[in-house]
Amino acid sequence: MLHNHVLSVSIWLPILAGIVVLLLGSDKQAALTRWLALSGSLSAFFATLPLYTKYDFSQGAFQFQEIARWIPAFNVNYHLGVDGIAVPLILLTSFTTVIVVIAAWEVITKNIAQYMAAFLIMSGLMIGVFSALDSLLYYVFWEAMLIPMFLVIGIWGGENRVYATVKFFLYTLLGSLLMLVAFIYLYHQTGSFAILDYYKLPLPLDAQVLIFFAFFIAFAVKIPMWPVHTWLPDAHVEAPTGGSVVLAAIMLKLGGYSFLRFAMPIAPDAAHYLSGFMITLSLIAIVYIALVALVQKDMKKLIAYSSISHMGFVTLGFFIFSQLGLEGAIVQMISHGFISAAMFLCVGVLYERMHSRQIADYGGVVNTMPMFAAFAVLFAMANSGLPGTSGFVGEFMVILAAVKFNFWVAFLAATTLIFGAAYTLWMVKRVFYGDVANKHVAELKDLNHREFLILAILAFMVIGLGVYPKLITDFTHVSAAQWLSHMSVSKLPIAGL
Amino acid sequence: MEYIQADLITVLPELTVLSMAMFILLADLFLKPSNRVLVYVLAQITLFVAAYFTISTHVPTVGYAFTRMFVDDPLADVLKLMILLGTAMMFVYTRQYMQLRGMFRGEYYALVLFSVLGMMVMVSGQSMLTIYMGLELLSLSLYSLVALDRDNAKSSEAAMKYFVLGALASGMLLYGMSMIYGMTGSLNIAEISSALQDSNTKNPVLILGLVFIVAGLAFKFGAVPFQMWVPDVYQGAPTSITMLIGSVPKLAAFAIAIRLLAQGMHPLTADWQDMLLMMAVLSIAIGNMTAIAQTNLKRMLAYSTISHVGFLLFGLMSGSLNGFASSMFYISAYVLMTLAGFGMILMLSRKGFEAENLDDLKGLNQRSPWAAFLMLITMFSMAGVPPTIGFYAKFTVLQAALQAGFLWAVVFAVLMAAVGAFYYLRIVKLMYFDTPQDSSMISAPADMKLILSVNAIALLALGLMPQILMQICGVAIGASLQ
């Protein structure tokens with residue numbers, strides 16, 4: 001019976017677990033709190049697994065649908081459903097939450113219950129965003145998710161956390177409010193908030209362009225695309241490790257996913273019409289932001305900029321409108337979820353020991369932490385797109401698709417293989433290699449079991465997806481084809497009708 | 001004689017409040033200070049009996065009394081229930097505060113009950129005369145309540161300002177009413193409406209009368225450009241009175257706006273729509289931007305009220321049943337949020353200490369995580385972030401305005417909502433990210449803690465299930481305005 005409610009369980013189980021942790025947990029009973037949180041996140045993860053085992057790969061339509069009346073006054077329904085684009089992202093979300101809970105184990109000592117609860121609740125809300133098929137329901141999840149993240153950065157963050165978290169909140173809020181106006185406009189056109197009704201609605205080009213921009217602002221902030229990316233480095237630098245992981249691994253993907261779910265299929269003609277603009281922005285993100293990453297002195301900031309650059313591939317993949325590019329973009333989203341999470345966890349490992357994120361404070365870490373260095377180098381290679389790791393697959397697919405589209409676009413995109421390697425490996429060189437820089441580095445202790453466990457799991461995933469990307473493309477294949485066929489049909493009202 | 005009897009049964013809730021208010025005034029003379037709590041109990045009983053009569057005399061149709069001066073329709077019943085419930089909650093929140101400050105006296109309860117009576121009469125007013133009578137009863141009670149702490153210079157100053165400006169507003173409203181009366185020959189709302197339908201609506205006297213009425217209403221709401229009194233009165237009045245002024249009277253003001261504009265001057269919709277649009281946009285802009293600069297919590301909430309009124313006007317100016325219902329939903333949500341917000345300020349206050357500066361909230365999460373959580377919900381609800389009721393409130397009025405074609409005003413309003421989010425976030429920041437300045441225990445009576453928790457959680461619960469309240473508002477408006 002529960003199989004009919006897989007999505008509801010996936011959403012509400014972690015939220016419920018979060019509330020339980022909040023009520024029962026406290027700093028005095030730290031162990032109980034942690035175990036409660038872990039069991040909560042694990043059961044939430046297992047609750048999402050039926051999405052994998054029971055998914056019908058041959059179908060592009062939305063599966064696991066649930067529908068119930070919610071606000072009849074506005075014809076709003078509690079309507080859930082997933083396609084092959086959403087399922088991998090949902091699995092990534094529930095997986096990442098487990099990682100975050102383990103990563104926080106003995107690192108977070110203040111307000112443990114609130115910390116764990118925030119991540120559990122956030123996980124449920126993000127799964128809600130990925131599975132909502134009603135736009136108001138989606139919007140509620142989308143906005144509600146900001147509240148726990150706001151608190152996470154603000155309470156457990158670094159020195160400048162208040163500035164960073166307020167900037168994060170206001171940027172995202174401002175972006176999404178215009179999306180709400182677009183939803184209301186579409187509601188008055190169709191009489192419902194159902195996304196599937198929006199797909200069928202014919203719209204004139206000027207309306208499509210306005211709608212597209214309303215969505216664009218919301219999602220571009222989230223992804224983030226140049227030039228509205230400035231909140232991300234701040235938020236990442238100040239956020240606690242767990243916050244950075246969730247931000248990079250999942251929240252950025254919400255923006256990308258939402259482009260595929262809303263902006264483009266609802267306004268396909270505008271998407272085609274503005275594709276040059278979007279590709280330009282993506283290329284700026286890929287090239288310019290990579291150069292910015294090159295000069296960063298702060299490790300977290302460097303990874304943050306590298307995230308923006310990598311997300312440029314995602315939007316590029318969307319807007320060249322080809323099967324290969326689209327699937328590449330989705331693979332890139334998932335792969336970046338694992339790699340960026342791993343990179344931020346690596347910085348977290350160092351930060352806990354040294355309380356510094358400055359590259360200049362390190363040097364020769366490989367001498368004192370050989371096991372850790374091995375992992376870090378692997379993830380760095382993956383980040384710069386080494387074949388055999390998941391980082392390579394997505395980028396390669398997008399570049400391949402881009403070559404067919406336009407050689408120079410592909411050429412500019414491909415420079416990332418150089419720049420990406422440059423900034424990542426240069427950081428690795430300065431932090432890990434060379435002589436032991438100072439006595440703090442000399443006193444470093446290598447990974448403990450907990451840290452080893454999470455990095456090993458992530459390494460397994462990064463290599464696994466690099467060698468066998470079919471795990472994701474199985475999901476995306478049919479859905480992507482269907483999405484493209486939807487995009488190829490114009491929604492402009494036919495003249496004379 | 002039977003005719004009068006039927007009328008009296010219709011006004012049974014009002015009669016209850018009236019007679020009990022007078023009884024309390026008298027009984028208070030014979031009570032020893034140690035037995036004062038009896039007055040409190042009596043006042044609460046009054047509200048519940050009045051609420052009971054409101055429900056028991058409820059009929060889903062429109063009924064009239066006193067030669068159509070008084071109307072008993074679902075809209076009036078729902079608003080009366082909200083007013084009574086809100087006042088009862090306010091009584092719970094303010095009991096300790098008043099006790100500690102020597103204001104726990106019979107006249108406080110009598111005056112509040114008189115103001116409640118005024119609101120109930122306003123809500124049911126079907127003649128401009130009835131409406132004005134109710135409004136004056138409410139206003140005069142509020143002026144004296146603001147001055148209740150009579151040795152406090154600030155309170156007296158606030159009361160004076162409130163009185164002078166409020167009297168001016170009442171005068172304007174009355175002046176406008178006299179012009180409308182002169183042009184239509186009637187004081188009755190329904191007759192005005194039908195008279196206007198047949199007459200030339202471009203008549204300048206008519207429009208002038210409308211301007212004065214809208215100005216008077218704007219004054220009572222506290223909408224820009226008639227908002228000057230709001231911050232001073234909010235800050236100067238004792239917090240318990242600020243809570244009263246900021247909450248339930250807005251329900252009554254909404255009611256007379258519906259009676260006068262939507263029912264009485266329906267044929268002039270296009271004219272008052274423009275006026276409301278200007279006031280709505282300005283209120284949202286000025287309210288939100290000025291609130292950022294405040295350091296006093298009460299003053300900040302005053303500006304926040306101004307911006308909320310702006311959103312409320314968005315629903316009204318849509319001029320459709322959908323718009324009125326969404327405005328009603330907004331105002332109900334607003335009252336709940338205001339009660340929770342001021343309730344929290346009252347809870348943090350103690351003997352000789354007013355928790356009215358923003359800094360007094362610092363580190364609340366460390367002092368009391370539960371209190372901080374309740375305030376968190378309240379603040380996000382005021383900012384309009386889902387899944388709280390504040391979001392649906394904004395959502396409904398904006399969709400109504402969009403339906404009426406005010407696209408750019410709506411875009412402006414949502415941008416301003418993001419500006420507004422900043423100062424609500426600042427409170428969350430103070431509570432969660434800062435270290436506490438004072439570490440004294442938060443002592444509040446159990447009933448207050450319980451009701452305040454229910455109140456704040458309701459903001460969240462109604463956000464998850466907004467349907468119930470929306471439906472109540474929709475049905476009430478639909479059945480009363482045809």
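In the predicted model, Gly328(A) is in contact with Gly317(A), Gly394(A), Met397(A), Val398(A) and Ala401(A), leaving aside residues up to four places away in sequence. Gly328(A) belongs to helix H16 of chain A, which covers residues 323-354. Because 31 C-beta neighbours lie inside 10 Å, where 20 or more are required, Gly328(A) counts as buried. One of the contacted residues, Ala401(A), is 73 residues from Gly328(A) along the chain, and the two C-alpha atoms are separated by 8.5 Å.

In chain B, helix H20 comprises 19 residues, 446-464. At 1.5 Å a residue these should span 27 Å, and the end C-alpha atoms are 27 Å apart, so the expected and computed values agree. H20(B) nevertheless contains a kink of about 30 degrees, centred on Ala458(B). The buried residues of H20(B) are Leu452(B), Asn455(B), Ala456(B), Leu459(B), Leu462(B) and Gly463(B). In an α-helix there are 3.6 residues a turn, so residues three or four places apart point the same way. The cover over the buried residues of H20(B) includes helices H4 (74-100), H15 (321-348), H17 (369-383), H18 (389-403) and H21 (467-480) of chain B.

The contact between the two chains involves 27 residues of chain A and 24 residues of chain B. On the side of chain B that touches chain A, at least two residues each come from H18, H19 (407-433) and H21 of chain B. H19(B) provides the largest share, 11 residues. By class, this side of chain B consists of 18 nonpolar, five polar and one charged residues.

How values were computed
Residues are numbered from 1 along each chain as its sequence is written. Chains are lettered from A and ligands numbered from 1 in the order in which they are written. This is a predicted model: local features need pLDDT of at least 70, side-chain atom pairs count only at pLDDT 80 or more; totals for chains, interfaces and linings use all residues. Helices (H or I, at least four residues) and strands (E, at least two) are DSSP runs, numbered from the N terminus. The expected span of a helix is 1.5 Å times one less than its number of residues. The bend at a residue is the angle between axes fitted to the seven residues ending there and the seven starting there. A residue is buried if 20 or more other C-beta atoms lie within 10 Å of its own, exposed if 12 or fewer, and partly exposed in between; C-beta atoms are placed from the backbone. Two residues are in contact if their C-beta atoms, placed from the backbone, lie within 7 Å. Ala, Val, Leu, Ile, Met, Phe, Trp, Tyr, Cys and Pro count as nonpolar, Asp, Glu, Lys and Arg as charged, and the others, Gly among them, as polar.
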